[in-house]
Amino acid sequence: MNVAMDPWARLRAATPARIGLGRSGCAQPLQAQLAFQLAHARARDAVHAAVDWDAVAETLPGASVRVRSQAEGRADYLKRPDLGRRLAEGAALDVGNPPDVVLVIADGLSAAAVAASGAAVARAVMGALPELSFGPVVLAEQSRVAIGDEIGHRLGARLVVLLVGERPGLTVADSLGAYVTYAPRVGRRDSERNCVSNIHGQGGLSAEAAARTIAWLVRAALDRGLTGTGLKDASLARGAEAGQLEP
Amino acid sequence: MTVYSTTLGGEVFRFDGLARLMAAATPERSGDQLAGIAAGSAVERVAAQVALAEVPLRAFLDEPLVPYEADEVTRMILDTHDVAAFAPVAGMTVGGFRDWLLSERVLPDRLARLAKGVTPEMAAAVSKLMRNRDLIAVARKCRVQTAFRTTLGLPGRMGSRLQPNHPADDLAGIAAATLDGLLYGVGDAVIGVNPASDSVATATELLHMLDGLRDRHGIPAQTCVLTHVTNTLEMIEAGAPVDLVFQSVAGTQAANDGFGVTLAMLEEARQAALSLGRGTVGQNVMYLETGQGSALSAGAHHGVDQQTLEARAQAVARHIDPLIVNTVVGFIGPEYLYDGKQILRAGLEDHFTGKLMGLPMGVDVCYTNHAEADQDDMDVLMTCLGTAGVHFLIAVPGADDVMLNYQSLAFHDIAYMRETMGLRAAPEYEAWLEAVGLVEDGRLLPEGAAARRLLAS
């Protein structure tokens, strides 16, 4: 339909918002209602699905280890963010020499994000930083951003890069975020991390573009000995410094 | 510290202090469990409610839950307490107060006279002894009227905020969403946009665009860019067309520190907005937002339950004579309100305590994708709030906020509320809706020529 026939066409081009839906009485037309339900269903499934960690491990270039947080299932994880930030008792993390960087992939709030781009971003980050040693990639279940602090500290890494499924929206349910934390240890504040968010295939950052930004942050952090608000990235890609909430 | 105890079936329950008792008496919610202050069992919760019913209302004046010396919100609450207004209920217990509020003898004028005698702690305490239906019944008897370019809170009317957010603050995109909302008669409480950017320059551009649109169409409504109070002060000083000053507030001084705001800053901003004299039918220039869980998330809860802290945030809002106040009830996430049941309860509590204290109380009926809730839960909450006489509700295109990434109500839902419950827009706004041909006798007309004219303009 052209603009003359549909006055909404011009306006729709200006916003991703659900405008000009029309109405059935005071309700949304059925088609719009079902489109909304589908988007919400995708977001719900992304939150509640379990990551197929074996599939993630298979597409990584090197070894990986599996850990889980103290949260005992999804409901516990959603209600108790504190538990998702700490490793379960007895987590096996004996991996030999301390690496420069430890890469963690955490499910966070979107299994779909980890499935879609977790391994791809991890590969791209390792490829973008050939001069640094990475230990095995740590795959962390029922885990939030801060669990990387404990993992990094246990492994004696200089820095942790944690990839995490972001809270799904109706438009994008599989967006991945990356958090870079220098000198990880339990108790690091969110202001001591740098974040690259909106890594996804629907107009977000590609795995390669995200890896370039992450690599820049890692080198700058190791060079200056800090991450967080003190480390500003002049070359950041768009969206990288949007202050996304920790999932 | 006073120790409270109850014996139920031979078992003794002990609560050390009023804060502990209040937390244990609170209907179940994840935020109090996360804070480690919730009742340990369903029976312990009832035991706390039994004990709370016997507590004199005066106890809340004598035993502050957050220390007077350490907290300016406590000082404001106690120093501005209206003893004369409190007198009719001064001899009551919390349980007696519950029965009194529900009594058919207690009519709107008595509740209006009482409002400034009710502290947030008293309002929260009595709500813990009330069911959802009680919260609705009493809130409905509380009449609160405010005005700027529209008059809000009149009987039989329900206001609405038009929230036209855009992920990149695109002016054309925000204008498009605003036009969409106008076609449903939304926007009489405020046309208010949350900017994605924190920059004063962007906020100023948005403000000029909204003010221009309002002026061009002759819309009798107020506009607002919901940026930090210090940004709004800067805009006022630079001569931008500021109608309302917005700020998120919390119930403790430490949590307000987290928002970067003090009572003095709010008053300074209010005076600055008043000096512009932009209101036509009233001069309420403040818009405040609150929400259960903000103090715990800032690590500033003093062992007090999240609903009592929410009522204290409302006392902060009351102190600065607002046009509108709303709770963003389901926005904060399942670690504070886990599911639709908890969101429903909290929404009705927040509305009740606000109204009882004399606030122009609205609600953002909303949830996030990781909460156990969906649009059906929102339907129930909004319908209950319509019955309870809510001051205003918030709506976005298709219930999907594409900037803040959560679900609120749709513009359609405001139309549903008005059509189904016989509620009308603010009178000044309704007159404009009739003049442009969108509404007749208070009812939204089928889509037609008026919509096409607005879209073409």
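Me: Which residue of chain B forms a salt bridge with A:R18, and how far apart are the closest N and O atoms?

Reply: Look for a basic side chain facing an acidic one, then check the gap between nitrogen and oxygen. Keep in mind that this is a predicted model. Here A:R18 pairs with B:D400, and the closest N and O atoms are 2.7 Å apart. Between chain B and chain A the count is two salt bridges.

Me: How many residues are in contact across chain B and chain A, and what area is buried there?

Reply: For an interface, take the residue counts together with the buried area and its chemical make-up. On the chain B side 44 residues are in contact with 36 residues of chain A. The two chains bury about 3,300 Å² between them, with carbon and sulfur atoms giving 60% of that.

Me: Let's go inside chain B. What does its domain assignment give?

Reply: You can treat two domains of one chain much like two chains. The assignment gives domain 1 (3–141) and domain 2 (146–456). Taken over C-alpha atoms, their centres are 28 Å apart. The contact draws on 47 residues from domain 1 of chain B and 45 residues from domain 2 of chain B.

Me: What area do those two domains of chain B bury between them, and which three residues of domain 1 supply the most?

Reply: The two domains bury about 3,700 Å², 63% of it on carbon and sulfur atoms. On the domain 1 side, look at B:R29, B:E72 and B:I136: they supply 17% of the area this domain buries against domain 2, more than any other three residues. B:R29 turns up again in a salt bridge with B:E349, where the closest N and O atoms are 2.7 Å apart. The count between the two domains of chain B is four salt bridges.

Me: How many residues does the largest nonpolar core have, and why does it lie between the domains?

Reply: Follow the buried nonpolar side chains from one to the next and see which parts they belong to. The largest core has 164 residues, and B:L52, B:F97, B:Y287 and B:L393 have the most contacts inside it. Domain 1 and domain 2 of chain B both give residues to this core, so it lies between them. There is also a second, separate core of 42 residues, with A:V114, A:A207, A:A215 and A:A220 among its members. Back in the largest one, try clicking on B:L393: its contacts include B:M158, B:V363, B:L385, B:I414 and B:M417.

Me: What about helices? Why is helix 1 of chain B described as largely enclosed?

Reply: Go along the helix residue by residue and ask whether each is buried, then find what covers it. Seven of the eight residues of helix 1 (residues 18–25) are buried, so the rest of the structure largely encloses it. Those buried residues are B:L18, B:A19, B:L21, B:M22, B:A23, B:A24 and B:A25. Their cover includes strand 1 (3–8), strand 2 (11–16) and helix 17 (306–318) of chain B.

Me: Which residues does the UniProt annotation "binding site" cover?

Reply: Start from the record, then look at where each position sits in the model. The unreviewed UniProt entry puts "binding site" on B:P195, B:Q247, B:S297 and B:M403. B:P195 is in the loop between strand 6 (190–193) and helix 12 (200–217) of chain B, while B:M403 is in the loop between strand 13 (400–401) and strand 14 (406–407). At 13% relative accessibility B:P195 counts as buried, and B:M403 does too at 16%. B:P195 has B:M403 among its contacts, along with B:D169 and B:L206.

Me: And B:Q163: buried or exposed?

Reply: UniProt also places "binding site" (unreviewed entry) at several other positions, including B:Q163 and B:N194. B:Q163 is buried, with a relative accessible area of 1%. Its loop runs between strand 5 and helix 11 of chain B, and among the residues B:Q163 touches are B:N194, B:P397 and B:Y406.

Me: Last one, on backbone angles. What is the phi of B:D169?

Reply: When you see a positive phi, check whether the residue is a glycine. B:D169 is not, yet its phi is about 55°. B:D169 lies in the loop between strand 5 (159–162) and helix 11 (171–182) of chain B, and is buried at 9% relative accessible area. A:A183 has a positive phi as well, about 45°, but A:A183 is partly exposed, at 28%.

Technical notes. Residues numbered from 1 in each chain as written. Chains lettered and ligands numbered in written order. Predicted model: local features only at pLDDT ≥ 70, side-chain atom pairs only at ≥ 80, totals over all residues. Heavy atoms only, no water. Core = buried A, V, L, I, M, F, W, Y, C linked by side-chain atoms within 4.5 Å. Buried < 20%, exposed > 50% of the residue type's maximum accessible area, 1.4 Å probe, protein only. Domains from an automatic or database assignment. Contact = heavy atoms within 4.5 Å. UniProt positions renumbered as here; feature names shortened; annotations may be inferred. Helix = DSSP H or I, 4+ residues; strand = E, 2+ residues; numbered from the N terminus. Buried area = accessible area lost by both parts, 1.4 Å probe. Lists of a residue's contacts leave out its neighbours within four places in sequence.
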